Amino acid sequence: NLVMYMKLLIPFILKRADAVVVPSLYVKNEIKKRYNTNGNKIEVIYGGQDTYFHEVKERKKINLLKNKYGISEAYCFTNATNHERKNIYGLIDAFVKIDKVAQYQLIMTGLLPEKTIEELKVYIHRLGFDKKIKYLGFVSKEDLCTLYSGAKIFVFPSFEEGFGFPILESAACGCLPICSDTGSLPEIIGNK
C-alpha cells in the first residue's frame, strides 16, 4: 500500500514543491527517470553518521553479548529489515558455499514480519546450518553497536539502497563493511 501511495503522491509533490530533498544522487536520478522530471528542484543532502555508533573495544562486553545471543565463534554480521530488497537469501546461499565457513557464524538482525522469520528459519534448517546461521530479530541500539564492533565483517548485499545507513554504522564501529555495488552504495562507500 505504501508503494502505491508513493507512486500516486510523488508526481503531485514534484509539481507543488519548491524543493525536494533526497538522501543520494542515486535517488535523485531515479526520481528524474521514473517521473520524467528535471532535477532542478531536487536537492541531495546526505545522511550523517549517528554519533551513538562507536567502536566497542572492551572484549568482555563483546563476549557477554555473544553469550547472550548464543554466538559461539567469530562471526560475519548483517542488519536488514527487508529480506527481499536486502538479499538475505542470496547472502545465506553465498555463506553456505564459502569454504572457510567452518570458522564463522553468520549473524543476522533486523525487524522482519513473523511469516518471513518462519520461512527464513525453515530455509536455514533445510540447509543444515541451524548452528552456523542465527537470526536474532530486532536488537537494541546498544546491542547493535556491540554486534557491529565484534564482527569480523559486515555484509550488506542489498539489491537497492536509497542511502544505506548500516554501512556508516558498521564503519563507525570499526567493522569492515562489504556491500553490493547497486543503488546508492557505491556513492556512499566510495570505490575502494
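The turns below ask how several descriptions of this predicted model are justified.

Me: What makes a residue count here, and how are the residues numbered?
Reply: Residues are numbered from 1 along each chain as its sequence is written, and side-chain values use heavy atoms, with hydrogens and water left out. Since this is a predicted model, local features need pLDDT of at least 70 and side-chain atom pairs count only at pLDDT 80 or more, while totals for chains, interfaces and linings use all residues.

Me: What is the mean pLDDT of the chain?
Reply: pLDDT is the predictor's confidence in each residue, from 0 to 100, and its mean over the chain is 90, with 97% of the residues reaching 70 or more. Among the elements, which are DSSP runs numbered from the N terminus (helices H or I, at least four residues; strands E, at least two), helix H1 (residues 2-16) has the lowest mean, 83, and helix H6 (residues 141-150) the highest, 97.

Me: Why is Asn87 called buried or exposed?
Reply: Buried means under 20% relative accessible area, exposed over 50%, and partly exposed in between (1.4 Å probe, protein chains only). Asn87 has a relative accessible area of 16%, and is therefore called buried; Asn87 lies in the loop between strand S3 (75-79) and helix H4 (88-97), and its phi is near 65 degrees, a positive value in a residue other than glycine.

Me: Why is Asn36 called buried or exposed?
Reply: The relative accessible area of Asn36 is 74%, so Asn36 is exposed. Asn36 belongs to the loop between helix H2 (25-34) and strand S2 (42-44), and its phi, near 45 degrees, is likewise positive in a residue other than glycine.

Me: How do you know that strands S4 and S5 pair?
Reply: Two strands pair if DSSP finds at least two bridges between them, and 4 bridges join S4 (residues 105-109) to S5, the two running parallel. Thr109 stands opposite Gly137 in S5, and of the 5 residues of S5 (residues 133-137), 4 are buried.

Me: What makes the β-α-β unit of S4, helix H5 and S5 right-handed or left-handed?
Reply: A crossover is right-handed if, with the strands pointing away from the viewer, the path from the first strand over the helix to the second runs clockwise. The unit made by S4, H5 (residues 114-127) and S5 is right-handed.
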